[in-house]
Amino acid sequence: MNALSYDADVLVVGAGPAGVAAAVMAASLGLATVVVEAGAVGGRLNTIEALENVPGGWTTGVHLAEALSADLTRLQQAGLCTLVRGRATRVGCYADRVELALEDGRTFLARTVVVATGVAALAPRDVDWVSVPDQFSAPPLWRTPPAACTGATFVLGGDRPLGTWLRAHADAGTTLHVLYPPADDYKIEEIARDEHVRLLPVSHVTLARLSDGDGWRVLVTDRKGARRAHAAATVLGNLGSKAAAPDGVVQGEDGYCPPGEQHHRIRIAGDLRSARFQRIVTAQGSGAQCVLAHYYASTSQAGKDQAP
């Protein structure tokens with residue numbers, strides 16, 4: 001039987017902080033690497049206006065994304081990595097290989113795959129604590145400049161982009177009324193003392209257009225069941241995220257992809273792992289760790305195969 005022909009030792013799906021860290025580590029270990037990315041290198045970094053918890057003196061996500069792109073360019077020029085443009089749709093795992101299918105019909109074979117596809121934003125209809133009219137859409141907080149926050153501004157959800165927005169616009173003078181469910185309590189602790197937020201813990205929120213069509217009626221049910229109505233001129237979305245993993249990756253009850261529940265040829269890095277570890281530095285560390293885990297497992301197996 002002919003030996004299997006691999007396209008790479010390591011397939012990396014996603015070129016955000018975790019994916020690029022995986023590619024850099026793989027190159028340093030001499031592993032043939034293919035990185036698959038459908039969008040911009042750096043991923044959601046390109047939308048982050050302020051950084052404060054990332055070592056290295058980075059002040060914006062865009063600057064860090066540019067550095068990651070330069071890393072991949074350097075690896076490609078050295079012949080250590082190949083960047084493939086395309087969207088991964090399915091991961092298939094077998095005893096001797098992993099197969100990655102792309103939307104355009106291409107297929108890549110490797111010894112292992114690092115899935116670092118990140119997350120996508122939740123919409124109001126994805127959560128059970130918000131009721132909205134048909135066709136409702138809320139502009140995402142992280143894309144909204146302070147000048148667009150006219151009148152009373154309400155934010156649906158207490159996800160971490162809230163803290164990033166507050167740091168980026170510290171002098172804006174805008175007050176955000178933040179409606180958040182119990183699941184967001186641990187996130188809210190990070191910005192609870194910021195003078196630019198008014199925190200409204202809720203169990204449910206119902207939105208309806210005001211009779212004059214200008215603004216929103218926000219009916220809030222608090223954690224004790226009491227109801228109160230507010231008038232909002234602007235409603236922004238900040239509901240959190242959901243895993244954006246290709247088919248073939250095991251997802252848990254919360255929608256994320258527990259590393260310990262995957263096939264041994266699938267390694268999960270970055271924001272896909274859990275809602276509680278969505279930080280740039282932990283994403284980078286997890287990407288590198290995935291490659292190291294594969295490297296040590298494969299070298300250990302090779303040693304056993306060569307033993308007399």
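The paragraphs below lead through a predicted model, beginning with its nonpolar cores and moving on to a run of paired strands and two residues in loops.

A good place to start is the largest nonpolar core, which has 28 residues, and within which Val-35, Leu-64, Leu-72 and Val-114 touch the most other members. Several elements contribute to this core, since β1 (8–13), α1 (17–28), α2 (61–77) and α5 each supply at least two of its residues, and α1 gives the most, with six. Val-35 offers a view of the surroundings from within: leaving aside residues up to four places away in sequence, Val-35 touches Val-12, Gly-14, Ala-15, Ala-23, Leu-72, Cys-81, Thr-82, Leu-83 and Val-84. Apart from this core lies another, of 21 residues, which includes Val-13, Leu-102, Ala-243 and Leu-272. As a general background, nonpolar side chains in soluble globular proteins tend to be buried together.

From the cores we turn to strand β10, which covers residues 176–180. Four of its five residues are buried, so β10 is largely enclosed by the rest of the structure. One of its partners is strand β9 (residues 153–156), with which β10 pairs in the parallel sense over four bridges, and here Leu-156 stands opposite Leu-179 in β10. Together with helix α3 (residues 161–168), the strands β9 and β10 make a right-handed β-α-β unit. Strand β10 also pairs with strand β11 (residues 197–209), again in the parallel sense, over five bridges, and in this pairing Leu-176 has Val-197 in β11 as its bridge partner.

Two polar residues in loops complete the tour. Arg-97 lies in the loop between β4 (88–93) and β5 (98–102), and because its relative accessible area is 19%, under the 20% limit, Arg-97 counts as buried. The side chain of Arg-97 makes a polar contact of 2.8 Å with the side chain of Glu-99, while the residues that Arg-97 touches, not counting those up to four places away in sequence, are Leu-4, Tyr-6, Gly-92, Leu-109, Ala-110 and Arg-265.

Gln-278, for its part, is placed in the loop between β16 (266–268) and α5 (280–306), and with a relative accessibility of 14% this residue is buried. Its side chain takes part in a polar contact of 3.5 Å with the side chain of Ser-241 and in another, of 3.1 Å, with the side chain of Tyr-256. Both of these partners appear among the residues that Gln-278 touches, which, not counting those up to four places away in sequence, are Val-119, Arg-160, Ser-241, Tyr-256 and Asp-271.

Definitions and conventions
Residues are numbered from 1 along each chain as its sequence is written. This is a predicted model: local features need pLDDT of at least 70, side-chain atom pairs count only at pLDDT 80 or more; totals for chains, interfaces and linings use all residues. Side-chain values use heavy atoms; hydrogens and water are left out. Buried means under 20% relative accessible area, exposed over 50%, partly exposed in between (1.4 Å probe, protein chains only). A polar contact is a pair of N or O atoms within 3.5 Å; within protein, one must be able to donate a hydrogen and the other to accept it, and residues adjacent in sequence count only if both atoms are side-chain atoms. Contact means heavy atoms within 4.5 Å. A nonpolar core is a set of buried Ala, Val, Leu, Ile, Met, Phe, Trp, Tyr and Cys residues joined through side-chain atoms within 4.5 Å. Two strands pair if DSSP finds at least two bridges between them. A crossover is right-handed if, with the strands pointing away from the viewer, the path from the first strand over the helix to the second runs clockwise.
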